[in-house]
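Visitor: Could you take me through one part of this model up close? I'd like to see how its nonpolar side chains are arranged, on the surface and inside.

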Amino acid sequence: MLWLGERRGYLSDWITQQWVRATGRSLDDHPHLLGPVGTRRRIGFDQPEQLADALNLTLDTSPSGGLLQDSAALFPGIHPRVAEFYDETSHYELQVWSSWRGPFRPFGQLLGALFSRRLEQMNVPLDGLDTAWGLHGEVTHLRDPSGRVQHTVWRRRLRRTGRVLFVGYYSEITLPDGPGVRIVFPLPGGNLTVLMAATVGPAGELQLSSNGRTFGGAGGYFTLAGPPHRRAVGRMIPLHEDIVVWVDERSELRARHTLRLWHLHFLELQYLMRRTDQPTTPL
């Protein structure tokens with residue numbers, strides 16, 4: 001039965017790739033949509049090590065990394081506590097609560113069965129008990145021989161089971177409307193790339209949104225690049241994400257992450273982030 005499930009999963013991968021190849025657009029004029037891709041049938045927690053070996057990079061696991069550098073300069077007016085989180089992410093522990101909209105819960109279970117658990121990538125929690133023991137988050141940097149950071153990776157998994165939630169590559173990006181954040185999730189033969197436009201609210205909260213309609217701008221994209229694909233192509237998809245990071249009335253640092261298909265809200269994730277004396281270290 002496991003073998004049959006894997007065969008169905010590989011067929012789903014192939015169908016998705018054929019859809020992107022047939023309906024996608026060339027990325028020759030959109031190099032910012034090119035990012036790390038998966039080179040095997042699973043992604044897994046060790047994907048950054050695989051990429052480092054392939055590109056002759058060094059994986060820096062020193063426990064002091066942040067997702068971005070100098071967020072205060074990148075996002076003027078941002079609350080200092082929010083900027084600190086993005087600049088020193090490794091120093092924070094996260095608690096998360098997930099809430100699926102009723103009709104979409106079976107959809108999440110289907111995605112988990114066909115893709116997420118097999119690929120060990122983008123395993124969105126389906127139940128609050130999944131995260132009751134907390135998350136392990138690890139920020140690492142891939143450096144070239146000169147020591148310059150080429151990629152910043154945030155990978156997370158459940159403390160209780162060790163199951164991988166996601167492996168994502170983060171970077172700052174300039175979009176037509178201003179600064180933003182790019183997140184790349186490697187997939188077999190390609191990736192899911194999310195470009196999020198950034199704004200700062202009146203209380204210094206950081207608001208990130210992928211709700212765009214112009215190809216190459218804010219939005220979600222499936223891309224195919226590298227062998228066996230002869231050319232890099234991308235397909236904009238109707239997946240929209242909104243993230244708000246703020247300091248609440250009790251001085252707690254929080255985040256709300258909502259996901260929509262078209263205009264249909266199907267999942268909300270609530271985070272509580274607390275700074276620790278010691279940065280997180282590899283499990």
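Guide: Start on the outside: Leu11, Trp14 and Ile15 make a nonpolar surface patch of about 330 Å². Trp14 sits in helix α1, which spans residues 2–23. Keep in mind that this is a predicted model.

Now have a look at helix α2, residues 47–55, where Gln47, Pro48, Leu51 and Ala52 are the buried residues. Viewed down the axis of α2, these buried residues fall within an arc of 140°, so they line one face of the helix. That fits the general pattern: an α-helix has 3.6 residues a turn, so residues three or four places apart point the same way. On the face of α2 turned away from the buried side you'll find Asp53 and Ala54, both exposed. What does the buried side pack against? The partners of α2's buried residues are strands β2 (58–60), β4 (135–143), β5 (149–158), β6 (164–175) and β7 (178–187). Just after α2 comes Asn56, with a positive phi near 60°.

Going further inside, the largest nonpolar core has 42 residues, and Tyr86 and Met273 have the most contacts within it. Strand β14 (residues 264–275) supplies the largest share of this core, five residues. As for Met273, if you skip neighbours within four places in sequence, its contacts are Phe85, Tyr92, Glu93, Leu94, Val245, Leu253, Arg254 and Ala255. Apart from that core lies another one, of twelve residues, including Leu33, Ile173, Ala218 and Met236.

Note on methods:
Residues numbered from 1 in each chain as written. Predicted model: local features only at pLDDT ≥ 70, side-chain atom pairs only at ≥ 80, totals over all residues. Heavy atoms only, no water. Core = buried A, V, L, I, M, F, W, Y, C linked by side-chain atoms within 4.5 Å. Buried < 20%, exposed > 50% of the residue type's maximum accessible area, 1.4 Å probe, protein only. Helix = DSSP H or I, 4+ residues; strand = E, 2+ residues; numbered from the N terminus. Contact = heavy atoms within 4.5 Å. Patch = residues over 30% accessible without salt bridge, like charges linked within 9 Å, V, L, I, M, F, W, Y side chains within 5 Å. Areas by Shrake-Rupley, 256 points an atom, 1.4 Å probe, with all protein chains shown as cover. Salt bridge = Lys/Arg side-chain N within 4 Å of Asp/Glu carboxyl O. Arc of directions from axis to C-beta.
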